[in-house]
Amino acid sequence: MSVKVGSIVKGQVTGVQPYGVFISLEDDYVGLVHISEISEKFVKDINKLFSIGDIINVRVDGIDEDKRQVKLSIKKIDYKAQKGLSMIPENGSGFKILEDKLKVWTRDTFEKIKSEENN
């Protein structure tokens with residue numbers, strides 16, 4: 001797949017947060033549809049619109065080739081493709097997994113530092 005600004009491509013929802021929807025695209029590209037890029041109207045509850053595993057159409061608004069990250073939008077396009085199909089196994093929701101792990105990593109690092117200071 002060649003991701004180009006302005007193109008409409010299919011992606012899979014891998015995370016739903018209050019601020020947007022994380023999308024996985026082909027060729028290891030990932031992106032975010034910010035809540036402001038979902039609709040011209042107010043979006044009260046993003047979780048009522050998307051679920052992990054949904055396949056949707058997205059428009060590519062920007063690309064960071066080095067990070068393989070894309071800025072995405074679904075405003076003014078027919079984004080509905082398929083509901084609930086899972087081509088990518090995903091348990092988490094966006095950065096939630098990293099947020100949870102950060103607490104453990106931080107605690108472990110502090111314990112290691114304290115141990116080294118006592119020796």
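Visitor: Which residue in strand 5 is the bridge partner of Val33?

Guide: In this predicted model, the bridge partner of Val33 in strand 5 is Leu72. Val33 also has a partner in strand 2, namely Val21.

Visitor: What makes strand 3 and strand 5 a pair?

Guide: Two strands pair if at least two bridges are found between them, and four bridges join strand 3 to strand 5 (residues 69-73), so the two count as paired. These two strands run parallel.

Visitor: How do you know that strand 2 and strand 3 pair, and in which direction do they run?

Guide: Five bridges join strand 2 (residues 20-24) to strand 3, and since at least two are needed, the pair meets the rule. Strand 2 and strand 3 run antiparallel, and they form a hairpin with five residues between them, where Asp27 in the turn has a positive phi of about 60 degrees.

Visitor: What do the side chains along strand 3 do?

Guide: In a regular strand the side chains alternate between the two faces of the sheet. Along strand 3 (residues 30-34), Gly31 and Val33 point to one face and are buried, whereas Val30, Leu32 and His34 point to the other face and are not buried.

Visitor: Where do these strands belong in the order of the protein chain?

Guide: From the N terminus on, the elements run β-β-β-β-β-β-α, which comes to six strands and one helix.

Visitor: Why is Asp54 called buried?

Guide: Buried means under 20% relative accessible area, and Asp54 has a relative accessible area of 3%, so Asp54 is buried. Asp54 lies in the loop between strand 3 and strand 4 (55-64), and its side chain reaches the backbone nitrogen of Ser51 at 2.8 Å.

Visitor: What makes the contact between Asp61 and Arg59 a salt bridge?

Guide: Side chains of opposite charge can pair when their charged atoms come close. The rule asks for a side-chain nitrogen of Lys or Arg within 4 Å of a carboxyl oxygen of Asp or Glu, and the closest N and O atoms of Asp61 and Arg59 are 2.9 Å apart, so the two form a salt bridge. Asp61 is partly exposed, at 29% relative accessibility, and Arg59 is partly exposed as well, at 22%.

Visitor: How many salt bridges are there by this rule?

Guide: The count comes to three. Among them is the one between Arg107 and Asp108, whose closest N and O atoms are 3.2 Å apart.

Visitor: How do you know that Arg107 and Glu111 meet in a salt bridge, and what separates them in helix 1?

Guide: Their N to O distance is 3.8 Å, which is within 4 Å, so the rule is met. Because Arg107 and Glu111 are four residues apart in helix 1, they are separated by about one helical turn. Salt bridges that share partners join Arg107, Asp108 and Glu111 into one network.

Visitor: Why is Trp105 called partly exposed?

Guide: Exposed means over 50% relative accessible area and buried means under 20%, with partly exposed in between; Trp105 has 47%, so Trp105 counts as partly exposed. Trp105 lies in helix 1 (residues 96-118), and together with Leu102 and Val104 it forms a nonpolar patch on the surface, with about 290 Å² of accessible area together.

Visitor: What share of the protein chain is buried?

Guide: Buried residues make up 34% of the 119 residues.

Technical notes:
Residues numbered from 1 in each chain as written. Predicted model: local features only at pLDDT ≥ 70, side-chain atom pairs only at ≥ 80, totals over all residues. Heavy atoms only, no water. Patch = residues over 30% accessible without salt bridge, like charges linked within 9 Å, V, L, I, M, F, W, Y side chains within 5 Å. Areas by Shrake-Rupley, 256 points an atom, 1.4 Å probe, with all protein chains shown as cover. Buried < 20%, exposed > 50% of the residue type's maximum accessible area, 1.4 Å probe, protein only. Polar contact = N/O pair within 3.5 Å; in protein donor to acceptor, adjacent residues only side chain to side chain.
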